Amino acid sequence: GGVSASGGEPQFLTDRVGVSSPDGRLVAYPEGGQTYVERLALPRGGASRSEVEGGGERWVIANAAGRAISFSPDSRSILWQAASSSENFDRRIVEVWMANVDGSESRVAARMIGGGVSGWFHDGQRLLVSGRESLNDDPFLAALNLADGSLTIIAHGARLRGGTLSPEGGWV
């Protein structure tokens, strides 16, 4: 459910349990071994419950296969991760997939050994990732540039695991 920021009666938005997009207009959820993204029918500002904006569109995210997704800060893109095997966390190959929110234009944005995505930078153009360059290297924490796939290493360390961006995105 939800309520307008200006107050009023709570409105029912969806009975789907999943991940909401930053703009609150989409929800992603697993169902029957698939991952779906659905556009919510949102009440217009000051509108009655029956007057809603958009909603009802639903897309299957073909390559996600029931995996959790993450929305970009602008709610236009999604990403998910797929491990190549059930091998040890530090040794498996992880693919980071991206697509438009409707699942179109899906592509592998990065492949890494171990690790994975910790979050989106606020600019929506970079991801905070962890991994290894080779099986014998210490793990790294890096910013992955989505435009060209380049990594900017932030830290290396023997027991380094993931990271979290500060609310403003200036600190890890």
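1. Salt bridges. In this predicted model, the count of salt bridges comes to four. Three of them are taken up in the next points, each with the exposure of its two partners.

2. Glu-31 and Arg-58. These two residues form a salt bridge in which the closest N and O atoms are 3.2 Å apart. Glu-31 belongs to strand 2 and Arg-58 to strand 6, so the pair ties together parts that are 27 residues apart in sequence. Glu-31 has a relative accessibility of 31% and therefore counts as partly exposed. Arg-58 is also partly exposed, because its relative accessible area is 35%.

3. Arg-111 and Glu-95. A salt bridge joins the side chains of Arg-111 and Glu-95, at 2.9 Å from N to O. Arg-111 sits in strand 10 and Glu-95 in strand 9, with their positions 16 residues apart in the numbering, and the pair links distant parts of the chain. The two partners fall into separate exposure classes: Arg-111 is exposed, at a relative accessible area of 58%, whereas Glu-95 is partly exposed, at 22%. The cut-off for exposed is over 50%.

4. Asp-123 and Arg-126. The closest N and O atoms of this salt bridge are 2.9 Å apart. Asp-123 is partly exposed at 40% relative accessibility, and Arg-126 is partly exposed with a relative accessible area of 32%.

5. The four-stranded sheet. Strands 1, 2, 3 and 6 form an open sheet in the order 1-2-3-6, with antiparallel pairing. Its edge strands are strand 1 (19–20) and strand 6 (58–60), each of which pairs on one side only. Strand 1 is joined to strand 2 (residues 26–31) by two bridges, and the two run antiparallel. Within that pairing, Ser-20 stands opposite Val-27 of strand 2. The salt bridge of point 2 has one partner in strand 2 and the other in strand 6.

6. The seven-stranded sheet. A second open sheet is made of seven strands in the order 7-8-9-10-11-12-13, and its pairing is antiparallel. Strand 7 (70–71) and strand 13 (151–156) are the edge strands, each pairing on one side only. Two bridges connect strand 7 with strand 8 (residues 77–83) in an antiparallel arrangement, and Phe-71 stands opposite Ile-78 of strand 8.

7. Strand 12 and its partners. Strand 12 pairs with strand 11 in the antiparallel sense over six bridges, with Val-129 opposite Ala-142 of strand 12. Strand 12 also pairs with strand 13, again antiparallel, over five bridges; here Ala-143 stands opposite Thr-152 of strand 13. The hairpin of strands 12 and 13 has five residues between the strands, and in it Gly-149 takes a positive phi near 80°. Five of the six residues of strand 12 are buried, so the strand is largely enclosed by the rest of the structure.

8. The nonpolar cores. The largest nonpolar core has 15 residues, and those with the most contacts inside it are Leu-127, Val-129 and Leu-146. Two or more residues each come from strand 9 (93–100), strand 10 (107–120), strand 11 and strand 12 (140–145). Strand 10 gives the most, with five residues. Apart from this core lies another, of 14 residues, including Trp-59, Phe-71, Trp-80 and Val-101.

9. Leu-127. Setting aside neighbours within four places in sequence, the contacts of Leu-127 include Leu-79, Val-96, Val-117, Trp-120 and Phe-121. Also among them are Ala-142, Ala-143, Leu-144 and Leu-146.

10. Arg-132. This residue lies in strand 11 (residues 126–132). Its relative accessible area is 15%, and Arg-132 is therefore buried; the cut-off for buried is under 20%. A polar atom of the Arg-132 side chain lies 2.5 Å from the backbone oxygen of Asp-137. Leaving aside neighbours within four places in sequence, Arg-132 is in contact with Asp-90, Ile-113, Asp-137, Asp-138, Pro-139 and Phe-140.

Definitions and conventions: Residues numbered from 1 in each chain as written. Predicted model: local features only at pLDDT ≥ 70, side-chain atom pairs only at ≥ 80, totals over all residues. Heavy atoms only, no water. Buried < 20%, exposed > 50% of the residue type's maximum accessible area, 1.4 Å probe, protein only. Polar contact = N/O pair within 3.5 Å; in protein donor to acceptor, adjacent residues only side chain to side chain. Contact = heavy atoms within 4.5 Å. Pairing = 2+ DSSP bridges. Core = buried A, V, L, I, M, F, W, Y, C linked by side-chain atoms within 4.5 Å.
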